[in-house]
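Okay, thanks for having me, everyone. I'd like to walk you through one structure today, so let me put it up on the screen.

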Amino acid sequence: MKMTLIRDAIDTILPHNCLVCGKFPDADGRIPYAVPEGFHICFDCLSKVVPQTPDQRFFTCLSEPYKGDPYPQLPLYMPFPYKGFFETAVPRMKFHSCPELAEFSGALLGSLMVKDGIAADLMVPIPLSSGRLKERGYNQAELISKGASLVCNIPSVSGVLTRIKDTERQTEITDNAQRSLNVHGAFKTSKDYDIARLRVILIDDVATTGNTLHEAACALYEAGAAQVLCCALCGNRAVLNKESY
Ligand SMILES: [Zn+2]
């Protein structure tokens, strides 16, 4: 209690820069009690966390399904647009060593999942390649999954999927067919986990064409998963999926 008082006093005298916009908030722009300890974010940024309306959160995973696709109608839950808060926050959590922002964003995602009645047995984050993990020091999808898991009470397990193909960054490939080929066969499931008959939620930060989530979902189905819901924190997609999960 004493330590909390001292810390609050220090925060009042020496407020921190906002983790998202980097600005130094004035007294009205500070929210020391609304977010986890040590996490600093201003009201201005938090006011830009605006989810899609409930009827705009479900999509078909692949924006352009291909011929012979074994799972052409996989659902994608993507409740936030890639604009406002997340347009700034996602690059920060990926390229500016800001892991706490990923976990916080995961908690936002988790609270919407609860509201939307999404149930599952397991959450599985999309793994990074070992090279990129080394470079970044953490996997943002894993932290988003952890944040969501704490809110939803669905366990998040990171070792279920591994990347067996070191793919190019999907964002650097503009052609849709190339994106699909780039991630084809990129994932396998670990023999240490039995996911047979389980309902799994796959978690990633951003979805564009949906190819990465789709490939990972195929690997989970091949390992016997009963149902896979692809989930991305945010993205911009125009085509809606009428099917509910
Ligand atoms: Zn801010």
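So, let's start in the middle, with what packs around helix H6. Its buried residues are covered by several elements, including helix H3 (85-95), helix H4 (99-115), strand E3 (122-125), strand E6 (199-206) and strand E7 (227-234). One caution before I go on: this is a predicted model.

H6 itself spans residues 140-152, so to speak a 13-residue helix, and it reaches 18 Å from first C-alpha to last, close to the 18 Å expected at 1.5 Å a residue. Mostly it's covered, with eleven of the 13 residues buried. Among them are Gln140, Glu142 and Lys146, along with Leu143 and Ile144. Just past the end of H6, Asn153 takes a positive phi of about 60°.

Let me zoom out for a second. The protein chain has eight helices and seven strands. Of its 245 residues, 38% are buried. And if you take the contacts with a separation of 6 or more, 74% of them are between residues 24 or more positions apart.

Now the strands. E3 and E6 pair in the parallel sense, over four bridges, and within that pairing Met123 has Ile201 in E6 as its bridge partner. On to E7: seven bridges join E6 to E7, and these two also run parallel. One pair to look for there is Arg199, which stands opposite Gln227 in E7. How enclosed is E6? Seven of its eight residues are buried, so E6 is largely enclosed by the rest of the structure.

Have a look at Leu122, over in E3. Is Leu122 buried or partly exposed? It has 19 C-beta neighbours inside 10 Å, and buried takes 20 or more, so Leu122 counts as partly exposed. Leaving aside neighbours within four places in sequence, Leu122 is in contact with Ile154, Pro155, Val157, Ile195, Leu198 and Val200. As for Ser149, one of the buried residues of H6, its C-alpha is 8.9 Å from that of Leu122, and the two are 27 residues apart along the chain.

Next, how do you get from E6 to E7? Through helix H8: E6, H8 and E7 make a right-handed β-α-β unit. H8 covers residues 211-222, twelve in total, and reaches 17 Å from its first C-alpha to its last, close to the 16 Å expected. Nine of those twelve are buried, so H8 is largely enclosed by the rest of the structure. The buried set includes Asn211, His214 and Glu215, as well as Leu213 and Leu220. Just after H8, Gly224 takes a positive phi of about 100°.

Leu213 is worth staying on. Not counting residues up to four places away in sequence, Leu213 touches Cys61, Leu76, Ile126, Leu202, Asp204, Ala207, Cys230 and Ala232. That takes us to the largest nonpolar core, which has 63 residues. Which of them touch the most other members? Those are Leu76, Leu202, Ile203, Leu213 and Cys230. This core draws at least three residues from each of domain 1 (2-46) and domain 2 (54-234).

If you open the model later, start from Leu213 and follow its contacts to Leu202 and Cys230. Okay, that's it from me.

Key. Residues are numbered from 1 along each chain as its sequence is written. This is a predicted model: local features need pLDDT of at least 70, side-chain atom pairs count only at pLDDT 80 or more; totals for chains, interfaces and linings use all residues. A nonpolar core is a set of buried Ala, Val, Leu, Ile, Met, Phe, Trp, Tyr and Cys residues joined through C-beta atoms within 7 Å. Domain bounds come from an automatic or database domain assignment. Two residues are in contact if their C-beta atoms, placed from the backbone, lie within 7 Å. The expected span of a helix is 1.5 Å times one less than its number of residues. Two strands pair if DSSP finds at least two bridges between them. A crossover is right-handed if, with the strands pointing away from the viewer, the path from the first strand over the helix to the second runs clockwise.
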